2 protein chains.
Amino acid sequence: MDGDAGGIAAGYSCVSHRARRAGSLARAARACRARASVVAAAIAITASLLVAGCAAPGGPNLDAALTIERQGSFFVGGRTIVSETLSTLPAYMPKGTISVEQMYVRFQVPAGEKRAPVVFIHGCCLTGKTWETTPDGRMGWDEYFVRSGHPTYVVDQVARGRSAGNIVAINAVRMGKLPVDQLPTVFSVGAEDAWMIFRFGPEHPKQFPGMKFPLQAAGELWKQTVPDWIQSMPTPNPTTAALSELAQRLNGAVLISHSQSGIYPFQTAIRSRAGIAGIVSIEPGACPAAEGDMTPYKGMPILVLWGDFVDQSPRWAPRLKACREFVRAASAAGARAENVVLPEIGIAGNSHMLMQDSNSLEIARWLAAWLAKNVGR
Amino acid sequence: MDGDAGGIAAGYSCVSHRARRAGSLARAARACRARASVVAAAIAITASLLVAGCAAPGGPNLDAALTIERQGSFFVGGRTIVSETLSTLPAYMPKGTISVEQMYVRFQVPAGEKRAPVVFIHGCCLTGKTWETTPDGRMGWDEYFVRSGHPTYVVDQVARGRSAGNIVAINAVRMGKLPVDQLPTVFSVGAEDAWMIFRFGPEHPKQFPGMKFPLQAAGELWKQTVPDWIQSMPTPNPTTAALSELAQRLNGAVLISHSQSGIYPFQTAIRSRAGIAGIVSIEPGACPAAEGDMTPYKGMPILVLWGDFVDQSPRWAPRLKACREFVRAASAAGARAENVVLPEIGIAGNSHMLMQDSNSLEIARWLAAWLAKNVGR
């Protein structure tokens, strides 16, 4: 629960004892604190590079301490509006200026050699938490990709999580300034509904045989869901403008989207190709239309990735079919596009939430290798 | 903007060149990846302890790479409800089960010697972003305390940020199942209002002379604000139950609150003292009543901390006065309580958002020293 990933590290051990276990070395640290020598600093730099670079065959070292060059968070996008319905409480003024449509971004840049920056974009009814520690307490893709050398940027879509929603219409209705039908469209996804959408089974509580989502921790997944204001957003969704700004700031990033955000990297590329080094769309709710303009994707590395049981889902089967058609059309127009269905390459049992399934890091390793081959540094 | 804290590191340099600048060492990393030797691992552990332990006098090394033992995120608290007004959209079922009142927690545990875990609790209209990278792009208190050896837990209060709000009443009104006056009470704070509340000046856009909030980046602060559902929450606010659960899980944590959450650590201690190693309440909106029961605070290290210009604020001056009375009463009853007003100890110019002011890390260093003295390991 508190994210100790020790249990999944078997097979990846490079540095077999964590620094915290080397208690006898604390004396050296205290000596350093008293007087840091240039020699010690040089050793430290060398060794932190060694740690960052150490990797078991096929993946990074998941057991060693993690060395971060820099980390933090910031916003991209956003605009100010003036409203007279900010508050119905005496303690806060109804009139004032607020910022809306900004997008929260948290990032970590690993020490040592760098691969391409990746941007993780969550799906419906969720936040950037999607990519962090899994519901059953294992390492998330965010940390896995940092350990693999990728500077990693995890966003909260506009009006979700730490990216503020806009509640002025709610207060306007409450004050009698707008009719009830002007209330924002906002929804929460119920666990029973999400069960089918996330393809844990054909219907709640039935399971697909061999399905790999850690259902014993399903309650922790439901805690990750948040109200979704997407239907109250302008078109195109401001998240795509914010993603474009972020990609350009990073000067070459892979946009990795999921589900409802699946189409955003494509929409971002239509806006501008600048800064987009590649697109990974995981189980997109929609792909661009196969008969549309493929110019934005020419020469671009594109992966559309699917889990298992898709053909057993009336919701998802047509989406996979349409994405296959898109990938064919994009490839014919010069995109370096692939549609990969995991069971077709020998990885079975994945749900729609494959970044949280029990084999999530196996898929992450596969994806990191795909990026190394198709996007490069 | 992207969190490169290089500019503020002057004076703290221990390892003077970052690992990323030692490009020639990349060959060593590649050799390691090919075959990790036990010798290299031992050097790595030694040096990562040296890096973790290296500290300039009075504070941690802010320039070196940051070594993390483990990190991640999870939820505490939460309960399920069944609703028939989850959605008004055909794509999502109106009836289902959702989780409400859970609290999101993101954590980092530094490598090396540990100090007491700290829990950072943001104030009104904000999220855990408060403690991360400052609006003008400097290192936040979250990272500073990790670098100081404190396992650090940053929360989003219940119904804020990544801790889901509850929108079922909005849809119930929209569906005609509830009258308009049953809409949730939710507000956004306008920049002009926040200007006074945060004590940037007596009124917008006037400034207090020498005030240290980085106003050139005020727009980035306004992006941090989110709608606040606190008035729609049950009493006591479920955040306090979640904080109690978190403190007990950490088996001894310092609860560091701010502004609207200022009183939460005290309310948490009334619920149970278990797991609370100390309380730091920064500019609380309220302290416990001085005539109340002081039993929960007996023997407990308590700091109530204030910035500058308090006496010039009709909103804050009475709160400081009441907190002085509480600290006196708590001390008389055996608490180890202090009320500290920064200008009275020679630190001038701080706003209500002192963790983001231009001298934020000076205050962090002072606070870390207070914790070392009063709470210990």
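**Figure 1. Two helices crossing in chain A.** In this predicted model, helix 7 of chain A and helix 8 of chain A make a right-handed crossing. Ten residues are worth picking out here, and the helix 7 side of the contact consists of A:T239, A:T240, A:A241, A:L243, A:S244 and A:A247, while helix 8 brings A:Y264, A:Q267, A:T268 and A:R271. Sorted by character, the residues of this contact come out as four nonpolar, five polar and one charged. If you trace the two axes, helix 7 (residues 238-250) and helix 8 (residues 264-271) of chain A come within 9 Å and cross at roughly 70°. Angles from 65 to 115 degrees count as roughly perpendicular, so that is the word for how helix 7 and helix 8 of chain A sit relative to each other.

**Figure 2. The helix 7 and helix 8 pair in chain B.** Here the axes of helix 7 and helix 8 of chain B are 9 Å apart, and the helices pack at an angle of about 70°. Helix 7 of chain B is therefore roughly perpendicular to helix 8 of chain B. The crossing of this pair is right-handed. On helix 7 of chain B, look for B:T239, B:T240, B:A241, B:L243, B:S244 and B:A247; they meet B:Y264, B:Q267, B:T268 and B:R271 on helix 8 of chain B. This contact divides into four nonpolar, five polar and one charged residue.

**Figure 3. What hides helix 8 of chain B.** Which residues of helix 8 (residues 264-271) of chain B are buried? They are B:Y264, B:P265, B:F266, B:T268 and B:A269. The cover over these buried residues includes helix 7 (238-250) of chain B, along with strand 3 (118-121), strand 5 (253-258) and strand 6 (276-282) of chain B.

**Figure 4. A look into the nonpolar core.** Nonpolar side chains tend to be buried together in soluble globular proteins. The largest nonpolar core in this model has 212 residues, and those with the most contacts inside it are A:V119, A:V254, B:V119 and B:V254. Zoom in on A:V254 and, setting aside residues up to four places away in sequence, you'll find it touching A:A116, A:V118, A:V119, A:A277, A:G278, A:V280, A:L371 and A:V375. For the wider setting, chain A has ten helices and eight strands, and buried residues make up 59% of its 377 residues. Among chain A contacts between residues at least 6 apart in sequence, 74% join residues at least 24 apart.

**Figure 5. Two cis peptide bonds in chain B.** Most peptide bonds are trans, but here are two that aren't. A cis bond joins B:H204 and B:P205, with omega at about 0°. B:P205 sits in the loop between helix 5 (191-197) and helix 6 (218-224) of chain B. The bond from B:T235 to B:P236 is also cis, with omega near -5°. B:P236 belongs to the loop between helix 6 and helix 7 of chain B.

**Figure 6. Positive phi without a glycine.** Most residues other than glycine have a negative phi. A:C125 is not a glycine, yet its phi is positive at about 70°. You'll find A:C125 in the loop between strand 3 (118-121) and helix 3 (141-147) of chain A. Is A:C125 buried or exposed? There are 24 other C-beta atoms within 10 Å, so A:C125 is buried. B:N251 also has a positive phi, about 60°, without being a glycine. Its place is the loop between helix 7 and strand 5 of chain B. B:N251 has 10 C-beta neighbours inside 10 Å and therefore counts as exposed.

**Figure 7. A loop leucine with neighbours in both chains.** B:L86 lies in the loop between strand 1 (66-83) and strand 2 (96-110) of chain B. It has 25 C-beta neighbours inside 10 Å, so B:L86 counts as buried. Leaving out residues up to four places away in sequence, B:L86 touches A:F187, A:S188 and A:G190 as well as several chain B residues, including B:Y92, B:M93, B:V168 and B:N171. The C-alpha atoms of B:L86 and B:T97 are separated by 8.8 Å, with the two residues eleven apart along the chain.

**Figure 8. B:I230 in its loop.** This residue is found between helix 6 and helix 7 of chain B. With 19 C-beta neighbours inside 10 Å, B:I230 counts as partly exposed. Apart from neighbours within four places in sequence, B:I230 is in contact with B:N237 and B:Q260. B:C125 is 105 residues away from B:I230 in sequence, but their C-alpha atoms are 9.0 Å apart in space.

Notes: Residues are numbered from 1 along each chain as its sequence is written. Chains are lettered from A and ligands numbered from 1 in the order in which they are written. This is a predicted model: local features need pLDDT of at least 70, side-chain atom pairs count only at pLDDT 80 or more; totals for chains, interfaces and linings use all residues. Axes are lines fitted to C-alpha atoms, for helices over the stretch in contact, and angles run from 0 to 180 degrees between N-to-C directions. Helices (H or I, at least four residues) and strands (E, at least two) are DSSP runs, numbered from the N terminus. Angles under 35 degrees count as roughly parallel, over 145 as roughly antiparallel, 65 to 115 as roughly perpendicular and the rest as oblique. A crossing is left-handed if the near helix is turned anticlockwise from the far one by less than a right angle, and right-handed if clockwise. Two residues are in contact if their C-beta atoms, placed from the backbone, lie within 7 Å. Ala, Val, Leu, Ile, Met, Phe, Trp, Tyr, Cys and Pro count as nonpolar, Asp, Glu, Lys and Arg as charged, and the others, Gly among them, as polar. A residue is buried if 20 or more other C-beta atoms lie within 10 Å of its own, exposed if 12 or fewer, and partly exposed in between; C-beta atoms are placed from the backbone. A nonpolar core is a set of buried Ala, Val, Leu, Ile, Met, Phe, Trp, Tyr and Cys residues joined through C-beta atoms within 7 Å.
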